[in-house]
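Trainee: Got a minute to walk through this one with me? I'd like to start with what the words mean.

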Amino acid sequence: MNILIVHAHHEPKSFSSSLANQAELTLRAAGHDVEISDLHAMNFDPVSSRKNFVSVKEPGYLKQQAEESHASKVGGFAPEIEAEIQKLETADAIIFSFPLWWFGMPAILKGWCDRVLASGRVYGGPQLYENGVGKSVKRGIILMTTGGGPSVYSGWGVNPAMDTILAPVQHGVFWFNGIKPLEPFVAWSPAHLENEERVQILESLDSRLKKLFDEQPIDLPPIADFPNWGLDIKNRYVVVVTLKKEPDERFHELVHAEQALLAKWKRQGKLIEFSLGNMDQTEWRAFLTFRASNRSEVTASLPELPLNEYFDFSITELARPNYLENNQ
Ligand SMILES: Cc1cc2nc3c(=O)[nH]c(=O)nc-3n(C[C@H](O)[C@H](O)[C@H](O)COP(=O)(O)O)c2cc1C
């Protein structure tokens, strides 16, 4: 398989660069062809301008997407952009490797997206989401280092949840272009780790990337579910879960399987979110928000929960706000 690693760190001895190096080693050893766009080593210019093109459509006004569409027709991309587009087109998997900067990608990588993901050649018209350049077959994975630890990005910390922070890449870059995102590989706060712990992270990256093409990607909703860029054809259901019998030993044995199934449903897009709370509390409640075509789809799923026999469920369909219907 062909793999493109787009790496964005200015220090070759950084842990972020070690992740990219490990990825290259592992994937080559597994027999893949690996292309690396090491943006700093390439001195990649992230600033989008007329130098993206050798062709000109409208000399008096720079409208980037119009110039991109024109360049797509006449072969008018500057050689450094054309080379990156070709790497993207031939890649079966795309790896973005970067440190988290200001809750996002470093500018050099954002600039790669701004310049290389060109309208016409890469996306546009019907070529979006499942019909995009990735055709729902290419896969994308983020390798990222952070300053903060997992709790501040858990959804209960002071920062937004990591899923929210990474949505511009997972949804906005990967899935918008038909590239199926995998769970990101996050190396939390490497600056605060012992050497041995860093080695363990590299080992776990090695085992994960060995199975890069066996992993189940995250399912984000297809554009077919949003006719004319309108609202979701699917509904939202909130399920409130209460205990109907006392937790016993078997219950506690099944908690892990329960959490694993909920996480799987979230990856499959069947659950938008869930909150399990602390199961030791007496007045315990859990909340599951389903995205489903109808109520019976939800009702049919609930018996699959390993802890089903311990629970009562109350299902409420969320109403669609009128203002959204009127502002399609
Ligand atoms: C410009 C800049 C912005 C940063 N923004 C964040 C941030 O938003 N969140 C965070 O957790 N860490 C942030 N950090 C810390 C880096 O993520 C952290 O130092 C890096 O990931 C560690 O890996 P490295 O040693 O490979 O660079 C930032 C660092 C810099 C230099």
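Mentor: Sure, burial goes like this: a residue is buried if 20 or more other C-beta atoms lie within 10 Å of its own, exposed if 12 or fewer, and partly exposed in between, with C-beta atoms placed from the backbone. Helices (H or I, at least four residues) and strands (E, at least two) are DSSP runs, numbered from the N terminus. By that burial count, five of the six residues of strand S1 (residues 2-7) are buried.

Trainee: And where does the model come from?

Mentor: This is a predicted model: local features need pLDDT of at least 70, side-chain atom pairs count only at pLDDT 80 or more, and totals for chains, interfaces and linings use all residues. Residues are numbered from 1 along each chain as its sequence is written.

Trainee: Back to S1, then. Which strand is S1 joined to, and by how many bridges?

Mentor: S1 runs parallel to strand S2 (residues 33-38), and six bridges join them. Two strands pair if DSSP finds at least two bridges between them. Ile-5 stands opposite Ile-36 in S2.

Trainee: Zooming out, how many helices and strands are there in the protein?

Mentor: Nine helices and 10 strands. The protein has 328 residues, of which 27% count as buried. The C-alpha trace spans about 70 × 55 × 35 Å along its principal axes.

Trainee: What domains is the protein divided into?

Mentor: Domain 1 covers 2-210 and domain 2 covers 226-326, with bounds that come from an automatic or database domain assignment. Taken over C-alpha atoms, their centres are separated by 33 Å.

Trainee: Is there a sheet with strand S9 in it, and what's the strand order?

Mentor: An open sheet of four strands, with order S8-S9-S7-S10 and antiparallel pairing. S8 and S10 are the edge strands, each pairing on one side only. From one strand to the next the twist averages 20°, where axes are lines fitted to C-alpha atoms (for helices over the stretch in contact) and angles run from 0 to 180 degrees between N-to-C directions.

Trainee: How many bridges are there between S7 and S9?

Mentor: Seven, in the antiparallel sense, with S7 at residues 235-243. Tyr-237 has Phe-290 in S9 as its bridge partner.

Trainee: What about Thr-282: buried or exposed?

Mentor: Thr-282 is exposed, because just 5 other C-beta atoms are within 10 Å. Thr-282 lies in the loop between strand S8 (271-275) and strand S9 (286-292). Its C-alpha is 9.2 Å from that of Leu-243, 39 residues apart along the chain.

Trainee: Switching to helix H2, which residues are buried?

Mentor: Glu-67, Glu-68 and Ala-71 are the buried residues of helix H2 (residues 64-74). They sit on the same side of H2 because they cover an arc of only 100° around the axis, the arc being that of the directions from the helix axis to the C-beta atoms. An α-helix has 3.6 residues a turn, so residues three or four places apart point the same way.

Trainee: And what's on the other side of H2?

Mentor: Gln-65 and Lys-73, which are exposed. Gly-75 follows H2, with a positive phi near 65°.

Trainee: Last one: how many residues surround the ligand?

Mentor: 15, the closest being Ser-14, Ser-16, Pro-99, Thr-145 and Gly-147. A residue is near a molecule or strand if its C-beta atom, placed from the backbone, lies within 6 Å of it.

Trainee: What classes are in that shell?

Mentor: Eight nonpolar, seven polar and no charged residues. Ala, Val, Leu, Ile, Met, Phe, Trp, Tyr, Cys and Pro count as nonpolar, Asp, Glu, Lys and Arg as charged, and the others, Gly among them, as polar.
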